[in-house]
Amino acid sequence: RVQDQQDSKDMLHKPDAAYITQAGRGYLQVGNDEVYEMFQSGFSGAVFDENMVSGAKEIAKLITMPGKVDMTGNSVKLSQKQKAEAIWIETLCKCMGTVIKNNKEVIQNCKDPMSKMILLVDGMYMALEKIHMDYPESEYNTARLRDFVTIYMEAIRKKPQTSLPEEIITLSLARGKKLPQAKEKTQLDVTKEYLALVAKENGYHHDIQLWMPLLKEQIYLEEFREFMSSCFAKGKWKKPSEEWSLEIVIGQMDDPENQNQMPLAVDFAEQGHIAVIGNIVSGKSTMLQTMAYALIQKFSPEYVSLYALDFSSKMMSAFEEAPHVGGVMYEGDNEKIGKFFSMLNNMLEERKVLFRGGNYRQYIQLNGVKLPAIIIMIDNYASFKEKTEGIYDDQVIQISKEGINLGIFLVVTGAGFGYNDITNRVGENIETVLCLALQDKYAYGDFLHNMQIDVLPEGGIKGRGLAYYGSRILEYQTALAIEAENNYQRMEKIGDVCRQMKESWAGRTARRIPEIPEKPTWSLLVQTDGYKDLLEKKDFVPVGYDMENADIYGIPLSQIYCYLVCGASRTGKTNFMKVFIQSVLEKRSEVCIIDSPKKELKAYRKNEKVTYVSGEEEIFEYFRGTLTPVFQSRNKIKNQMLNDDFEEAEIYEAMSEKKPHFIFIADMPSFVKLIYNAKLDMKGFLETLIARGRLHNIYFIAELALNKISEVRGYQVFESFAEYRMGIHFGGKVMDNSLLSFEYMPYKEQAVVDKVGTGTLSNVTEQFRTQKVVVPLARK
């Protein structure tokens, strides 16, 4: 029978099959109605009756006029049933006797009735299995065996006149207890047993099946040879093939037409971005977990970097400690997500510059894997878009368009494409779609762009779906990452593997999503990759964290000469000076500290790389003996280049080859007063140096409290110093600072008070966009 007339017409070109009412009835059609007959199929699920086969006794039957059996005699059947029951109970009694005999001492020593019962029931299960009796272990069967054990013990104590099986049956009826029931064989079971017996008697032992088994509901990655032959083992990753590929196994496909079952594999290198589409609780998060586990097992951290935005069940949290994973973000991590996308934008720009019009595949073929492929997984795109108010949609769209050529790939999950789910402008750049459980056949056709679908996935099985295999659409089952009793234990096991990988890997890990530590310190700063990268660049001095994106901020030396460190008292000015000093000491440079009467920078007095001065004579000697010769020699080079029409950028580049000199002035007012009141004349030299010393690779950094500005106004050294209008302001309320320019900030923001240690930069440009810097504590 079919569902409606149209279905019948599609098959038979007639509506007849829609009107069938009886089970097992159908129509047989051959050709163009050469044969067209209704038939009734036989039923093989009925209980097998041995007497029906032997024909030993004729059972009385009442037959109607048309010849159908209307009633069958019950007395003979009842007798046969009672006999079979007695044989079954006798079998149970024999098993019970064996169990008691084999465990006699244990039973005698067991004082707890419950423990004794458990021992006897477990023994009965094993005894029945040993004699090949089909009595599966279940809650119901266990309850029946307990009843049997209780009645058996009572019958033994009574010493019955009748046989033990008859006494047990009688007692069970009297006590209202149900005894274990033997499983009745169907006619189909007996037929299968008979065929197996004939095959055995005739020596036929061929193991080939006529058809493949059904897809298992739970498959594990370790069951695939392709996975095991290339996975992480003994603290090492296998060397990947020479041809660049990002292929991983994530499940098993079923091809009944060709009697084949093969791995479901995806290759980001060939297929690009991937969308996983399915209803609620269809296995989308599990598939992402399997993908991530397959990737970290097959590829080392230098080959692949992973980032996850988990807005679903937090199953990706298991990967947080893997060396491949740069970060996992959840609902509510708005600041971290913002920093991630900022970092991602930087990555996009870096790769565009590096590839110079080429793409990631070409770069890998030419240079090898110098840059890892980046996989970004967004679980539950609808929730991600809603919770972040869609502010990252444009960036995700950009990644979907440009990412593949730059080695950046997306994996997104959702219920579909549209305004309230995976954005259509993202979806149009995704060619590979893996479908899990959906509403109907038309939904599969819509997402797979093919309405000619011959198979639908079995319903009610998590992880079951449809996907392309070549040009054909086949059913698949998603593999589970690791065998475990539940998702929680699986995540624990994955976490253990990730920690093992982290301990085994000594190379460079995935770039971490930049985060500003809750209590930033110098020791934490120097451990970051960003600090190390900036330290290697001659043009930057790393001093803190960019407040907007948590990147390491470095002062661009090409933009500064005289640098003011301003702010109210106790806002972090001196700490910034210390961080600046410690950072330049890591570079190849000359450092001079002109300390204040309070000796706030005396901690660096004994440092061999530092020239520490504080008194008039020491300062004069430094300017005359050290700085004057350097300035004069470099000034000649600068003037010559200016006469030759060199640009400032070219002069800076030439000077940057020479060792930089950094002069740190701990307190601008006390320094200016000392210069102008000194017996040793050095104000003329300093006035000239401050006014004309730019582009000599010499830098002055001076601390100035805002409440002391009036003390230095009118002195030429200070006025020339302040004219550069470059520096950093601590404590907020930048509107009070008349020395530095903060015109880029809205007026309301200029009145905001900042935390201690947070500095606002002056003269922000398109090239150098950092506005606020969080400076770590200088203590090591």
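Is Lys 673 buried, exposed or partly exposed? At 33% relative accessibility, Lys 673 counts as partly exposed, where buried stands for under 20% relative accessible area, exposed for over 50% and partly exposed for what lies in between, with a 1.4 Å probe and protein chains only.

Before going further, note that this is a predicted model, in which local features need pLDDT of at least 70 and side-chain atom pairs count only at pLDDT 80 or more, while totals for chains, interfaces and linings use all residues. Residues are numbered from 1 along each chain as its sequence is written, and side-chain values use heavy atoms, with hydrogens and water left out.

**Salt bridges**

Keep Lys 673 selected and add Glu 711: the two form a salt bridge whose closest N and O atoms are 3.0 Å apart, the term being used for a side-chain nitrogen of Lys or Arg within 4 Å of a carboxyl oxygen of Asp or Glu. The pair links distant parts of the chain, with Glu 711 in helix α26 (residues 709-712) and Lys 673 in helix α24, 38 residues apart; helices (H or I, at least four residues) and strands (E, at least two) are DSSP runs, numbered from the N terminus. Glu 711, at 32% relative accessibility, counts as partly exposed.

Next select Glu 590 and Lys 659, which form a salt bridge with the closest N and O atoms 3.3 Å apart. This pair also links distant parts of the chain, since Glu 590 is in strand β19 (residues 590-594) and Lys 659 in the loop between α23 (648-655) and β21 (661-665), 69 residues apart. Glu 590 is partly exposed, with a relative accessible area of 31%, and Lys 659 counts as partly exposed at 28% relative accessibility.

A further selection is Glu 719 with Arg 713, whose side chains meet in a salt bridge (3.5 Å, N to O); Arg 713 is partly exposed, with a relative accessible area of 39%. Then select Arg 144, Asp 147 and Lys 177, which are joined into one network by salt bridges that share partners. A search of the whole structure finds 28 salt bridges.

**Helix α24**

Return to helix α24 (residues 668-677) and colour Met 668, Pro 669, Phe 671, Val 672, Ile 675 and Tyr 676, which are buried. Seen down the axis of α24, its buried residues fall within an arc of 165° (that of the directions from the helix axis to the C-beta atoms), so they line one face of the helix.

**Aromatic rings**

For the rings, a search of the whole structure finds 36 aromatic pairs, where rings of Phe, Tyr and Trp (its six-membered ring) pair if their centres lie within 6.5 Å, and planes under 30 degrees apart count as stacked, over 60 as edge-to-face and the rest as tilted. Select Tyr 563 and Phe 576, a stacked pair at 6.5 Å centre to centre with 25° between the planes. Tyr 563 lies in strand β18 (residues 562-567) and Phe 576 in helix α21 (residues 573-585), so the pair ties together parts that are 13 residues apart in sequence. Both Tyr 563 and Phe 576 are buried.

Now select Tyr 307, Phe 311, Phe 340, Phe 341, Tyr 381, Phe 384 and Tyr 392, which form one aromatic cluster.

**Charges over rings, and positive phi**

Move to Lys 314, which lies over the face of Tyr 330 at 5.2 Å from the ring centre; a charge sits over a ring if NZ of Lys or CZ of Arg is within 6 Å of the ring centre and within 35 degrees of the ring normal. Lys 314 is placed in the loop between β9 (304-310) and β10 (325-330) and, although not a glycine, has a positive phi of about 60°. Most residues other than glycine have a negative phi.

Another residue to select on this account is His 13, which is not a glycine and has a positive phi of about 65°. His 13 lies in the loop between α1 (5-12) and β1, and is exposed, with a relative accessible area of 67%. Select Lys 14 next: its charged end sits over the ring of Tyr 36, 3.9 Å from the ring centre.

**A nonpolar patch**

Finally, show the surface of Leu 28, Val 30, Val 35 and Phe 39, which make a nonpolar surface patch of about 310 Å². Patches are made of residues with over 30% relative accessible area and no salt bridge, like charges being joined within 9 Å and nonpolar side chains (Val, Leu, Ile, Met, Phe, Trp, Tyr) within 5 Å, and accessible areas come from the Shrake-Rupley method with a 1.4 Å probe, for which, for residues, only the protein chains shown count as cover. Strands β1 (25-30) and β2 (35-40) each supply at least two residues of the nonpolar patch. Phe 39 lies in strand β2 and is partly exposed, with a relative accessible area of 39%.
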